[in-house]
Amino acid sequence: MISRLLKTTAAAAFGLASILAAAQASEPPEGGTVAAVENTKGPIKIAFLSFQNNPFWTPVTEGAKAANKYLENFNATVDFVDLGNELSAEAVVAGIEGALAKQYNGIVVVPIFDGTARIINEATEAGVPVFNIVAEGAAPSERLAFIGQDAASAGEQIGKFIQEKTGGKGKLGVITGYFGATQHTQRMNGALDYLKANAPDLQVVGPFENKDKAEEAYSLVQDMVTSNPDLSMVYVTAGGPFGAAKAIKDLGLTGKIGVVGFDHTPDNMAYLKTGEMVGLLDQAPYQQALDASVMLYNYLVAGTAPPAKVIPVVGKLLTPADAK
């Protein structure tokens, strides 16, 4: 009787666990849009390779950690691997080589630069699919898919905003992250090409490179204002726009020179609220990291391909009115 009762209880518990797992699998994790499917393959290991050189990467890291917590329920792990605080193709290549040596089943990576396609192709040929997020080089690769913002279109969106705010006149200071980063260049040129065609009277000061560092953006803005006291606006294409905003505040030019840039990070949002930042375009980095990890997992365990080779993320442009 006791044995039969134990068997019945065990069967009920197993049935309840199966129901809970099925329910869990049918719902995407909080902050994501993709649900995991059942794992019939056994343990899965995913390497998540990303940088850590400015606050933008915080939600990327958090998205990877959320993916790990979610996928632990499906016998899978997502291991975050810090590529360091200096962005380069060499760091990406070394990171992927390390993941291959440790025999990960799949890789999520932020390639950013040209010079990374070769190692992505090598990983793919070795049976280790690679999912690119945020930004990738201009050279095509055999990656499974890419999720991120269309950089040129985002730049054009910023360009239209700049034209509206300046009336198409005055001087625009331009600071890019890395001259060799495809995404940064496309964001910059997307805006400048639009302004050249639609606001020819707006003069461009720069571009300058801040290597995604807020302190370098701070110094560059101070120098720009010294040389161009009639500066109207500053456009920062990548990391560290809050450094430019701090320079405007410290120079007592709030309301006279505005900063426009990317990412709804706490530092940026603080300056949006006080008016030094006049426009911030988001690219949903947390969702990118989380969704890419789950889509890669689904591909590894069920062969479910992502919905497209390029999955666009449409950002929201916030102004100081949105921050109050």
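This briefing walks through the sheets, helices, cores and one buried loop residue of the structure above. The model is a predicted one. One open sheet has 6 strands in the order β2-β1-β3-β4-β5-β11, with parallel pairing. In another open sheet, also of 6 strands, the order is β7-β6-β8-β9-β10-β12 and the pairing is mixed.

**The parallel sheet**

- In the sheet ordered β2-β1-β3-β4-β5-β11, the edge strands are β2 (76–82) and β11, and each of them pairs on one side only.
- From one strand to the next, the twist averages 20°.
- Strand β3 (residues 106–109) is joined to β4 by 3 bridges in the parallel sense, and V109 has N132 of β4 as its bridge partner.
- On the other pairing of β4 (residues 130–133), 3 bridges in the parallel sense link this strand to β5, where F131 stands opposite A145.
- Strand β5 also pairs with β11 (residues 310–312), again in the parallel sense and over 3 bridges; here G148 stands opposite P312.
- Helix α3 (residues 89–101) lies across β1 (44–50) and β3, and runs at about 160° to β3.

**A closer look at β5**

- In a regular strand, side chains alternate between the two faces of the sheet.
- Strand β5 (residues 145–148) has A145 and I147 pointing one way, with F146 and G148 pointing the other way.
- All four of these residues, A145, F146, I147 and G148, are buried.

**The mixed sheet**

- After the order β7-β6-β8-β9-β10-β12 comes the matter of its edges: β7 (202–209) and β12 (317–318) each have a single partner strand, so one side of each is left without a neighbour in the sheet.
- Within this sheet, β8 and β9 (residues 258–262) run parallel and are joined by 3 bridges; M233 has G258 of β9 as its bridge partner.
- Helix α5 (residues 151–166) lies across β6 (170–176), β7, β8, β9, β10 (277–281) and β12, at about 165° to β8.
- Helix α6 (residues 182–198) packs on the sheet too, touching β6, β7, β8 and β9, and its direction makes about 165° with that of β6.

**Nonpolar cores**

- The largest nonpolar core has 58 residues, and those touching the most other members are I96, I107, I112, F131 and I133.
- Helix α10 (residues 285–302) supplies the largest share of this core, with 9 residues.
- Apart from this core lies another one of 25 residues, including A214, V221, V236 and V259.
- Leaving out residues up to four places away in sequence, I107 touches A47, L49, I96, A99, L100, V128, P129, V130, F131 and L296.

**Helices α8 and α9**

- Helix α8 (residues 241–250) packs against helix α9 (residues 266–274) at an angle of about 35°, and their axes are 9 Å apart.
- This crossing of α8 and α9 is left-handed.
- From α8, the residues making the contact are P241, F242, A245, K246 and K249, while α9 brings D267, N268 and Y271.
- By class, the contact of α8 with α9 has 4 nonpolar, 1 polar and 3 charged residues.

**A buried loop residue**

- N228 sits in the loop between α7 (214–227) and β8 (231–236).
- Why does N228 count as buried? Its relative accessibility is 12%, and buried means under 20%.
- Setting aside its neighbours within four places in sequence, N228 is in contact with K171 and V205.

Notes
Residues are numbered from 1 along each chain as its sequence is written. This is a predicted model: local features need pLDDT of at least 70, side-chain atom pairs count only at pLDDT 80 or more; totals for chains, interfaces and linings use all residues. Side-chain values use heavy atoms; hydrogens and water are left out. Axes are lines fitted to C-alpha atoms, for helices over the stretch in contact, and angles run from 0 to 180 degrees between N-to-C directions. Helices (H or I, at least four residues) and strands (E, at least two) are DSSP runs, numbered from the N terminus. A crossing is left-handed if the near helix is turned anticlockwise from the far one by less than a right angle, and right-handed if clockwise. Contact means heavy atoms within 4.5 Å. Ala, Val, Leu, Ile, Met, Phe, Trp, Tyr, Cys and Pro count as nonpolar, Asp, Glu, Lys and Arg as charged, and the others, Gly among them, as polar. A nonpolar core is a set of buried Ala, Val, Leu, Ile, Met, Phe, Trp, Tyr and Cys residues joined through side-chain atoms within 4.5 Å. Buried means under 20% relative accessible area, exposed over 50%, partly exposed in between (1.4 Å probe, protein chains only). Two strands pair if DSSP finds at least two bridges between them.
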